[in-house]
Amino acid sequence: MRATRLDNGLKVLIQEEHTAPLASVWCWYKVGSKDERPGLTGVSHWCEHMNFKGTTNIPRDQVKGIIEKYGGAWNGYTWIDQTTYLETAMSAALDRMLFIESERMASCLYHPDDCDSERTVIISELQGGENDPDQLLDQEVTATAFKAHPYGHPTIGWLPDLQTMTRDDLYGYYRRFYVPNNATLVIVGDVDTDEALRRVEHHFGAIQPGPAIERLRTVEPPQTGERRLTLRQEATTAYLKFGYHAPSATDPNFYPLLILDAVLTGAKGLNLWSSFRVPPPQRSARLYVALVDRGLASSVSGSLAPTEDPFLYTMSVTVNEGATLASAEAALLEALADVERNGVTEAELAKAKAQLRARLVFDNDSVTNIAHQLGYYETIGSVDLFAEAPGRIAAVTLDEVATAARAILAPSNRTVGWFEPQ
Amino acid sequence: MSLNPVRTTLDNGVTLLVKQATTTPAVAISFSMRAGSIVDPAGMPGQTWLLSRVIDRGTATRSAAGISEELDSRGITLTIIITRHLFSIGCRCLSEDFEAVLSLLADIVMSPSLPGDEIATRKGEIITSIRQDDDNPAIRASESLMALLYPDGHPYGRQTKGTIDLVEQFSRDQLLKLHADRFAPSELTLAIVGDVDPVHAGDAVARVFRDWKKPAPTAMRVSAVPAATERRRVVIPMMNKAQADIAYGFIAIARNDPAYYACWLMNVAFGQYAIGGRLGDSIRERQGMAYYVSSALDANIAPGPLTIRAGVSPANVDRAVASIDEEIVRLVREGLTEKELDESRQYLIGSIPRSLETNAAIANFLQVEQFFGLGLDYDARLPDLLRAVTLEQVNDAARRLLDPDRATIVIAGPYEERSIG
């Protein structure tokens, strides 16, 4: 992998993979919902939508099809720390993919009519999410867990902000964050590194850097007591969710907690783009045995993502028909108390490591997935974190897991959410 | 570049397709048994689904806990999927675990013990999952559409998971009988793709399956259903929800229909290309009404459906349905342009390498190739099959499949019919 930086500040990561005649290009921006101030929640995600709507040199009616003619797929996503755009297509389309991303960085239009029409699309996306009780509960648990840090508000934004945000809000935000000195361009695939770098310089070299971006300084104060909330709505199924403040990707406790999560709910891996598409191996995991095998829940899952600031480790339970939220919570608490008291066993540690080793191999099975990981880590910290991950996982000790369990699973660090169907 | 998989058939009828790929030190293993939900006994929809939830929870020689340990210690998740025609079990494993995992999967497929306590636990999960589906407008709309298109207990119209009442009644003996009746070597295709030598893989498969002897079950026939003759519209009010889901469809074609490639290209241009083809352009891009709108063609052994789906705010339901109608009328009346056809064709041809990048994707492709009898060189022939389609054939396909006056429409969500008729 070659890492370099253009004069305008753009970071460039290129990795050759010649197994298929494909290339994947991702352009990452260090801007996500944590960069949004009150009143503008959802602006990062809305900007992402606007950045698919034509540029100075790609008229609106030519956006459609610009990459499809090379058999390509494109997409984008926004989350708490990042906004990213990708194209994966025949490697012959590399120049076209770089052109699209350079246009997106410098020349999007934000036509007022397009901003208005996208408002209803985004509100429809929000409402579609609210149709899912588990997603609604997740949103409320997250908002309750954070008092100060903007990780607390949903990436899609709060509805009143989406109803009132203006075109100037959107465009101003775009101009502030979409600058080369706030971006990482990743290319993985059937390319020649030197030639690819020349094409990057050609498309991006003339884009002017923007003023240095002042970064968020808010630190979430430690939680001092358990928080609880209950949503009661007409529905069919009960859901239970625990959220614990968790270490950031660079915190020494991150990998011990990753191991602990594997012991509790099965290893997911570290790739947000691909890891969650295949459920984790979890049948012998502690919470599965405690809840699902005992008939209290139809599913249990854990979620821990590498993030720039400390985010949440969440556990989600779908309560079985016939069981109660209280009984599911009691079983969950009992299992967690045990691990908090006694840590995990040598055999569990070995199994968790074996699972993660396999998942990291599975996660690198395509140019798209590899490129995602390079850019994701560079955006939340450093690409080196990605390369270090296997070694860091292998080095985790039983004591470290026990320490992490005691520190993180403390009741005062917990937010409990109930979704109670009416 | 062509896949050129190695195909062998064992004496007992098991079919094996192997493709070596050394991108990662991993292997994708896929078992497909011709025992999908269509083999549910009459009046017992959901039995195959329940079998799929317990088949891997114990065998003649392995306990449920033992299987869990074998899988989890290797980082393996079994994915068991029931479609109308196939009962599929698949996973990814590290190359070093290939033989052990193959043996385990074979044991699960040939000799499940279906323990009573496991059946009871998995029934609870299924019942909860049916209740969740009942609260999901997108699922309610799609399932109701299928039940309307394929009425009277037709296997394509039944709820794959069954109903709560039925699931509660299913017995271990019924599941054992279903397995005994429908699981046989002649019905099984294995696709193995990854960092494994084809000869070695072939030997390993022969070793684990050679003693499995069973006669072939009688083939299941799925009858064709007459297309709707009038427009139908059903509303499922779910006033507790924020967004309404629309499912709008027709019975379309079988996979072996000579017009398949024309229908495929038509569907791509109409409801898939870029974000949702012409439908996406109108409903999402120009009118800003929906986060998602697209169409899907599910050509199957018997004629399957063409389904248009959209999620919209309740205030926009009528406008969205009217826009779907308008796009159909425009397509049928004016046809696609030569440019639209070329774009869709170029897209499908160009996306072949991308769709065959991972081991799991190749294994899935080989299974489709085998199931529909498309031939081992199908990936190499596909570009020419698409190039041979003319604009006239595509426009014929639109006229044949799409007609607002014969559409079946289901709307589920916070919406109520204001006037009937």
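## Close-up views of a two-chain model

**Figure 1. A hairpin in chain A.** In this predicted model, strands β4(A) and β5(A) make a hairpin, and four residues sit between them. Strand β4 covers residues 73-78 of chain A and β5 covers residues 83-90 of chain A; the two run antiparallel and are joined by six bridges. To find your way around the pair, look for Gly76(A), which stands opposite Tyr85(A) in β5(A). A useful rule when you look at any strand: in a regular strand, side chains alternate between the two faces of the sheet.

**Figure 2. An open sheet of five strands in chain A.** Read across the sheet, and the strand order is β7-β11-β8-β10-β9 of chain A, with mixed pairing. Which strands lie at the edges? They are β7 (227-233) and β9 (297-303) of chain A, each of which pairs on one side only. Ignoring direction, neighbouring strands in this sheet are turned against each other by 10 degrees on average.

**Figure 3. Two antiparallel neighbours within that sheet.** Here we move in on β8 (residues 239-245) and β11 (residues 414-421) of chain A, an antiparallel pair held by six bridges. Try picking out one of the partners yourself: Tyr239(A) has Phe419(A) in β11(A) as its bridge partner.

**Figure 4. The nonpolar cores.** In soluble globular proteins, nonpolar side chains tend to be buried together. The largest nonpolar core in this model contains 192 residues, and the ones with the most contacts inside it are Leu291(A), Ile246(B) and Leu265(B). What surrounds Ile246(B), once its neighbours within four places in sequence are left aside? Its contacts include Ala141(B), Val312(B), Val317(B), Ile409(B) and Ile411(B), and Arg309(B) is also among them. A second core, separate from the largest one, has 64 residues, including Val101(B), Val167(B), Leu190(B) and Phe365(B).

**Figure 5. Where chain B meets chain A.** How many residues does each chain bring to the contact? Chain B gives 53 residues and chain A gives 54 residues. On the chain B side, the elements that supply two or more residues include the helices α2 (64-72), α4 (116-134), α10 (273-286) and α12 (338-350), along with the strands β5 (87-94), β9 (290-297) and β10 (305-312). The largest share of this side comes from α4(B), with nine residues. Sorted by character, the residues on the chain B side are 18 nonpolar, 22 polar and 13 charged.

**Figure 6. Each chain as a whole.** After the close-ups, let us step back to chain A, which has 15 helices and eleven strands. Its C-alpha trace spans about 60 × 45 × 40 Å along the principal axes, and 55% of its 422 residues count as buried. Chain A has a radius of gyration of 22 Å, which agrees with a compact globule because one of 422 residues would have a value near 22 Å. Chain B has 16 helices and eleven strands, and its C-alpha atoms fill a box of roughly 60 × 50 × 35 Å along the principal axes. Of the 421 residues in chain B, 53% count as buried. The radius of gyration of chain B is 23 Å, which agrees with the value near 22 Å for a compact globule of 421 residues. For chain B, consider the contacts with a separation of 6 or more: 81% of them link residues 24 or more positions apart.

Definitions and conventions:
Residues numbered from 1 in each chain as written. Chains lettered and ligands numbered in written order. Predicted model: local features only at pLDDT ≥ 70, side-chain atom pairs only at ≥ 80, totals over all residues. Contact = placed C-beta atoms within 7 Å. Nonpolar A, V, L, I, M, F, W, Y, C, P; charged D, E, K, R; others polar. Rg over C-alpha atoms; globule rule 2.2 N^0.38 Å. Buried ≥ 20, exposed ≤ 12 C-beta atoms within 10 Å, placed from the backbone. Core = buried A, V, L, I, M, F, W, Y, C linked by C-beta atoms within 7 Å. Pairing = 2+ DSSP bridges. Axes fitted to C-alpha atoms, helices over the stretch in contact; angles between N-to-C directions.
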